[in-house]
Amino acid sequence: MESTTEIVRLTVNGDRHELGVPTHHTLLETLRYTLGLTGTKQGCDKGDCGACTVLVDGAPTLSCITPVWEVEGKPIRTVEGLASADGPHPLQDAFDLNGAAQCGFCTPGILCSAAALLEDNPSPQRDEVREALSGNLCRCTGYAKIYDAVEAAAARLRGEGPSRPGPGSAADVQETGDRRTDR
Amino acid sequence: MTTPGGNPQSDLNLIGRPMRKVEGLDKSTGRAVYTDDIVLPGMLHGKILRSPHPHARIVSIDTRRAEALEGVHAVITGQDMATPYGIIPWTPDEYPLCTDRVRYIGDGVAAVAAVDEDTAIRAMDLIDVEYEELPGFHDPHAALEADGGSPYVHEAKKEGWNGNITKIVKLEFGEVDAGMDDADVVVEGEYFFEGTTHAPIEPHCAIGLYEGNGKLTVWSATQVPHYLHRELARVLDVDPAKVRVIQPLVGGAFGGKSEPFDLEFCVGKLAMITGRPVKILYTREEVFYSHRGRHPFHMKYRTGATADGKLTSVDAKILLDGGAYASFGLVTTYYSGQLLCAPYEMPAYRFDSTRVYTNKPACGPKRGHGSVQPRFAFEVQIDKLAERVGIDPIEFRRRNFIGSNTRTVNELRVTSNGFLECLASVERASEWADKFRRLPFGRGIGIAGSTYISGTNYPIYPNEMPQSGVQMQIDRSGRVAVFSGASEIGQGCDSVVAYIAAEELGVSLDHVRVMRGDTDFTPVDLGAYSSRVTFMVGNAAIDAARKLKRMIQEAVAEAWEVRPGEVLLSGGLAHWAPDTERQMPIREAFNLAEAKFGTLGSTGSYNTPKDVHGEYRGGTIGASPAYSFTAHAAEVEVDMETGIVDVKKVWVAHDCGRALNPVLVEGQMEGSAYMGFAEALMEEHIFKDADHGRAGLHNAPSLLDYRIPTSLDTPELESLIVESIDPEGPYGAKEAGEGPLHPSIPAIANAIYDAVGVRMDRLPFSPPRMWRAIEAAREAGSLRKPAAPKPTGAPVGA
């Protein structure tokens with residue numbers, strides 16, 4: 001398998017890149033190895049586990065089985081592109097607050113799937129959350145805390161949650177405490 | 001939350017409350033660094049060539065064609081690292097690369113370092129290995145009965161032994177035969193637990209770096225940096241003082257990364273040869289073949305009870321299918337029997353366990369090491385006994401409760417014990433009384449209980465040093481730095497030491513930094529296994545923090561001219577207890593202490609009790625400073641047409657001593673119950689036989705074919721934390737990471753019986769197996785709702 005390199009034009013998290021990439025490379029390889037965006041993970045490299053999920057044109061996409069040439073010109077968003085200058089995306093904060101990331105390796109992919117869900121459906125029922133995340137394997141949590149986090153983030157995006165407290169502050173503890181008594 | 005003994009918060013400020021994890025936002029923003037995320041300048045990529053044969057002699061290896069390929073920097077074989085190793089010091093039976101024999105499909109024979117991964121893959125095809133195939137052992141019974149007609153998997157461990165035997169353990173406590181005679185009912189059962197594997201989402205990965213001064217650094221996704229440090233030094237013949245192991249964040253492990261692996265030695269050796277950093281990342285297939293997962297167990301149990309539901313005797317015989325190498329097998333063989341003796345009182349107990357080698361990937365420890373399989377069998381036995389004597393199975397378990405502050409029949413010391421509260425919690429939450437034997441045919445509810453260790457009193461290699469150490473330092477900005485060698489694999493041990501530092505020293509959580517996982521600057525912790533970490537590193541952190549706290553109290557007391565004991569540290573302030581309006585910012589308190597004592601730092605350590613175990617060979621194995629307890633209730637619906645078992649809900653009650661952070665404890669409980677559910681219904685780590693492909697070939701080495709539960713498969717889980725406040729645990733905490741897995745499987749098995757009257761004694765309860773069992777019961781006329789037991793307390797006949 002002799003590889004040749006060609007130029008590919010990608011727009012990742014709003015940044016436009018012109019990159020020399022081996023022609024057989026996947027989007028995942030390009031993100032991780034060429035751009036150094038290592039937030040997106042490789043779990044199986046064959047489209048089974050969902051750890052490599054990114055958003056292409058807003059749709060959850062398995063980057064490990066997507067040839068990089070197929071996404072030329074399409075907006076790509078990775079876990080690194082979910083946060084803004086104002087701080088983490090409400091999903092990212094809610095994952096932290098609710099213990100939804102244990103080892104954290106599936107987390108970037110799950111966040112991308114969840115972000116796409118909340119774009120489409122700001123008030124998902126639990127079954128809709130389960131359905132939306134069914135392509136992302138998590139081996140740590142049993143998914144329960146992930147549902148809590150997605151629902152908490154959805155509430156905040158709808159303007160129903162409190163503003164984000166600093167980690168470890170009294171308000172932070174209070175907030176997580178409230179979450180528990182609500183259940 | 002059930003809290004025996006009053007308010008658990010007492011005078012604690014943070015401990016016991018929901019808190020963020022120290023690395024939580026790093027993980028959710030993609031900043032968290034795992035081993036494969038690290039790229040070093042000039043880094044080469046390695047690959048390991050693996051055996052296509054389950055059992056063969058290596059006649060020759062010719063690496064010349066590979067070495068000649070442009071871009072290849074080095075090729076190594078077994079002869080380059082011909083020192084055997086093994087996680088258990090008494091059973092070193094594997095080499096980083098095979099020296100003269102391969103023992104399973106996937107055994108490593110050579111490794112390549114090349115300029116990139118593609119070149120390394122091409123180079124592997126150019127390595128010429130000549131094999132002489134040998135007959136393989138694929139079935140543990142055949143391995144046990146082998147007569148030496150063909151080469152055993154290994155040389156005999158003892159003279160006259162079959163070389164396929166790793167370990168035999170026979171232990172007897174009390175009068176087992178007399179106990180059977182005393183029983184009004186004896187139940188015999190035969191059970192089979194198919195092996196399962198860990199399947200962490202992060203594949204194993206390691207990077208080696210060898211510097212000109214002779215220093216070797218290895219980054220690895222390992223659960224045991226300290227043991228890796230020792231074995232790298234020994235096998236690669238490098239001064240241990242010149243070996244550094246760095247453990248980046250680990251993307252899941254579950255026991256699957258708890259011993260040294262071939263890639264860690266290979267990156268080290270290849271880096272030493274090439275002078276360049278070398279990375280090896282396993283493919284998903286390699287993760288399946290490296291395995292070290294749950295052993296297949298063939299189990300026979302005889303269990304006796306009196307008519308009023310008291311156990312009289314337990315007799316077990318177990319054959320463990322170990323695969324090609326010993327791994328932790330010596331311990332697994334002991335654990336298969338030693339960890340069964342609570343939470344029920346057993347007047348007499350015997351077990352006879354044998355582990356054999358077979359030509360399959362080595363089995364080892366998976367979450368609930370060695371005790372998940374017997375717990376399945378035993379809790380089903382109890383269900384059968386309870387039915388035979390006509391007692392509700394929860395009541396049966398209550399009647400046999402071993403109690404707290406007692407000894408098991410095999411002389412393990414049990415201290416705190418919240419098992420009765422666990423039973424009561426799931427009984428109440430599941431509405432057991434309304435459901436057991438009362439749900440419509442096809443629906444059922446089941447119960448099971450269990451215990452597990454919070455670490456082991458004796459480390460893997462004998463030594464008198466602490467099992468865990470922590471260093472802390474305080475700086476002038478009001479910040480606390482914790483140096484912890486404990487292995488963060490997602491369970492939250494970095495956060496635990498931060499919570500403790502914040503609790504003891506009165507700072508907010510975001511003023512604590514945790515420096516972690518680097519043998520150059522963090523003290524030794526033995527690793528993330530046997531559910532030891534929170535208990536041990538937690539105690540070490542308390543020790544370190546309280547030494548600093550005393551200095552700060554003394555310095556502030558001197559300034560205020562009060563007694564040191566009256567100075568409280570909390571909420572970012574130092575207060576005077578008699579008048580809390582008298583206060584100063586914690587930073588000023590730290591500065592006073594630094595002025596008085598000099599630079600502020602401390603060390604803390606924890607070592608286990610060494611005088612509490614049975615005085616018999618093996619009596620130290622299973623001895624733990626504290627035991628956790630769990631009960632599950634599971635509700636299922638069985639589809640008669642398809643054999644699909646739909647688990648509606650699992651209620652999980654777990655006595656974790658004290659929940660230092662209930663969110664993390666619930667996460668461990670839910671993750672454990674999920675994993676047990678998966679083993680009950682879905683997962684089998686199996687290999688083809690000669691009639692169905694190539695013998696010894698993994699049946700399904702992918703995450704599509706080896707089915708682990710998705711969000712749609714996983715049942716609803718409800719966590720019910722029970723706190724028994726352990727006398728020795730940090731703030732009373734015990735383990736929560738492995739214990740809550742155990743009852744999942746038998747609770748589901750017992751629920752299936754309640755639903756349709758069919759006993760499932762062979763795992764997993766997959767649709768074909770369930771369907772066949774239903775059809776067999778239909779033909780036998782036994783497919784029906786089992787009869788309800790007599791009301792509790794009613795007289796029972798034999």
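# Sheet, interface and pairings

In strand β5(B), Gly108(B) is the bridge partner of Arg50(B). This is a predicted model, where local features need pLDDT of at least 70, side-chain atom pairs count only at pLDDT 80 or more, and totals for chains, interfaces and linings use all residues. Residues are numbered from 1 along each chain as its sequence is written, while chains are lettered from A and ligands numbered from 1 in the order written.

## The sheet of chain B

Arg50(B) closes strand β1 of chain B, residues 44-50. That strand runs antiparallel to β5 of chain B, residues 108-114, and six bridges join the two. Helices (H or I, at least four residues) and strands (E, at least two) are DSSP runs numbered from the N terminus. Strands count as paired at two or more DSSP bridges.

Both strands belong to an open sheet of seven strands in chain B. Its order is β3-β5-β1-β12-β9-β10-β11, with mixed pairing. The edges are β3 (72-77) and β11 (243-246) of chain B, each of which pairs on one side only. Neighbouring strands are turned by 20° against each other on average, direction ignored. Axes here are lines fitted to C-alpha atoms, for helices over the stretch in contact, and angles run from 0 to 180 degrees between N-to-C directions.

Two helices pack on this sheet. Helix α6 of chain B, residues 225-235, touches β10 (216-220) and β11 of chain B. Its direction makes about 150° with that of β11(B). Helix α7 of chain B, residues 262-274, touches β1, β3, β5, β9 (205-210), β10 and β12 (278-281) of chain B. The direction of α7(B) makes about 25° with that of β9(B). Contact means C-beta atoms, placed from the backbone, within 7 Å.

At the β11 edge, β10(B) and β11(B) pair in the parallel sense over four bridges. Trp219(B) stands opposite Ile246(B) in β11(B). Together β10(B), α6(B) and β11(B) make a right-handed β-α-β unit.

## Chain B as a whole

Chain B has 19 helices and 28 strands. Its radius of gyration, over C-alpha atoms, is 27 Å. The globule rule (2.2 Å times the number of residues to the power 0.38) gives 28 Å for 798 residues, so chain B is as compact as a globular protein of that length. Its C-alpha atoms fill a box of roughly 80 × 80 × 50 Å along the principal axes. Among contacts in chain B between residues at least 6 apart in sequence, 81% join residues at least 24 apart.

## Interface

In the pairing of the chains, 53 residues of chain A are in contact with 48 residues of chain B. Five helices of chain A each supply at least two residues of the side that touches chain B: α2 (90-97), α3 (107-120), α4 (126-132), α5 (144-157) and α6 (170-182). The largest share, five residues, comes from α6(A).

## Strand pairs compared

Chain A starts its pairings with a hairpin: β1(A) (5-12) and β2(A) (15-22). Two residues lie between these strands, and Asn13(A) takes a positive phi near 50°. β1(A) also pairs with β5(A) (75-77).

| Strand pair | Bridges | Sense |
|---|---|---|
| β1(A) and β2(A) | eight bridges | antiparallel |
| β1(A) and β5(A) | two bridges | parallel |
| β1(B) and β5(B) | six bridges | antiparallel |
| β10(B) and β11(B) | four bridges | parallel |

Partners can be named in chain A too. Val8(A) has Leu19(A) as its bridge partner in β2(A). Thr11(A) has Pro75(A) as its bridge partner in β5(A).

Conventions:
Right-handed = clockwise from strand over helix to strand, strands pointing away.
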